[in-house]
Amino acid sequence: RIDAETHDARLREEIARVVALQERLGLDVLVHGEPERHDMVQYFAEQLDGVISTEHGWVQSYGSRCVRPPVVVGDVSRPRPMTVAWSTWAASLTERPMKAMLTGPVTILAWSFVRDDLPAGEVARQVALALRDEVADLEAAGLPIVQVDEPALRELLPLRADDQDDYLTWATEAFRLATGCAAATTQVHTHMCYVEFGAVAAAIAALDADVISLEASRSRMEVVGQLAGSGYPSAVGPGVWDIHAVRVPGVEEIAERLRLALAVFPADRLWVNPDCGLKTRGYAETEAALAHLVAAARTVRAELD
């Protein structure tokens with residue numbers, strides 16, 4: 001309905017608005033809001049060779065939300081950068097750290113129809129190499145933080161115990177292949193959604209990410225204790241706001257969740273964030289909840305001081 005120039009100008013306008021909003025709310029690390037992405041898997045599939053997207057292949061994801069899973073039809077590669085232009089535009093608008101966002105190889109496989117003439121681990125490595133090129137380009141463009149989301153890592157865990165070790169081996173190797181090019185000065189994040197983490201705690205550590213953000217608000221930070229008990233060595237960002245609920249949590253409610261996490265995890269390795277992405281929420285409740293999140297973080301920091 002509109003030409004590419006008008007489309008891109010509208011996206012730049014939205015990114016600038018979102019960056020300014022995050023600065024005004026007092027967030028420490030910003031994101032660009034991803035207004036250019038209709039889906040976290042299809043967006044990448046449309047830019048990768050060896051993967052095709054459908055026009056009408058809708059599949060129910062959850063509730064009323066539907067997606068169009070891509071189809072892997074050949075060897076996967078990245079012909080050109082996929083996210084660098086939007087991330088660098090956003091970074092140019094602020095002095096605060098800007099986090100680039102990618103979808104991980106395991107999740108791209110999990111939410112696609114994958115060719116069955118190759119082992120899944122081999123296809124995952126192809127996707128990982130394509131993402132590795134993207135990570136390298138984002139780093140070269142000056143992005144200090146790159147997040148590679150893997151919400152499907154636990155989802156794909158085979159039911160048969162005999163098959164789990166092989167899966168976790170290639171799944172974690174694929175993530176490290178995608179992110180291993182990053183220099184020590186680039187912070188690597190990952191994210192996982194609503195799952196039981198006990199069975200994959202060792203695999204989470206094997207990802208070798210600097211920070212993992214994960215759902216924790218509805219379980220009262222139980223997962224933080226699980227990771228602490230397993231000796232998890234990196235930083236953790238337990239979700240303090242259930243983004244699938246319409247209700248906006250209060251400042252003291254969020255602060256109490258942070259205190260629960262601090263009871264089992266050191267403050268210098270604890271991040272504060274929502275459970276998941278905010279695609280399901282409107283701006284009015286999002287602004288209110290993020291303002292409460294920042295206020296709660298400041299309250300708890302003051303208590304620690």
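Three exercises with worked solutions follow.

This is a predicted model, in which local features need pLDDT of at least 70 and side-chain atom pairs count only at pLDDT 80 or more, while totals for chains, interfaces and linings use all residues. Residues are numbered from 1 along each chain as its sequence is written, and side-chain values use heavy atoms, with hydrogens and water left out.

**Exercise 1.** Find what span is expected for helix H6 and what span H6 reaches.

Step 1. H6 covers residues 161-179, which is 19 residues. Helices are DSSP runs of H or I with at least four residues, numbered from the N terminus.

Step 2. The expected span is 1.5 Å times one less than the number of residues, which gives 27 Å for H6.

Step 3. From its first C-alpha to its last, H6 reaches 28 Å, close to that expectation.

**Exercise 2.** Decide how many disulfides the model has.

Step 1. A disulfide is a pair of cysteine sulfur atoms within 2.5 Å.

Step 2. For cysteine 193, the closest cysteine sulfur belongs to cysteine 276, at 3.5 Å, so the two are too far apart for a bond.

Step 3. The count is zero disulfides.

**Exercise 3.** State whether cysteine 193 is buried or exposed, and classify cysteine 276 in the same terms.

Step 1. Buried means under 20% relative accessible area, exposed over 50%, and partly exposed in between (1.4 Å probe, protein chains only).

Step 2. Cysteine 193 has a relative accessible area of 18%, so cysteine 193 is buried.

Step 3. Cysteine 276 has 23%, so cysteine 276 is partly exposed.

Technical notes:
Helix = DSSP H or I, 4+ residues; strand = E, 2+ residues; numbered from the N terminus.
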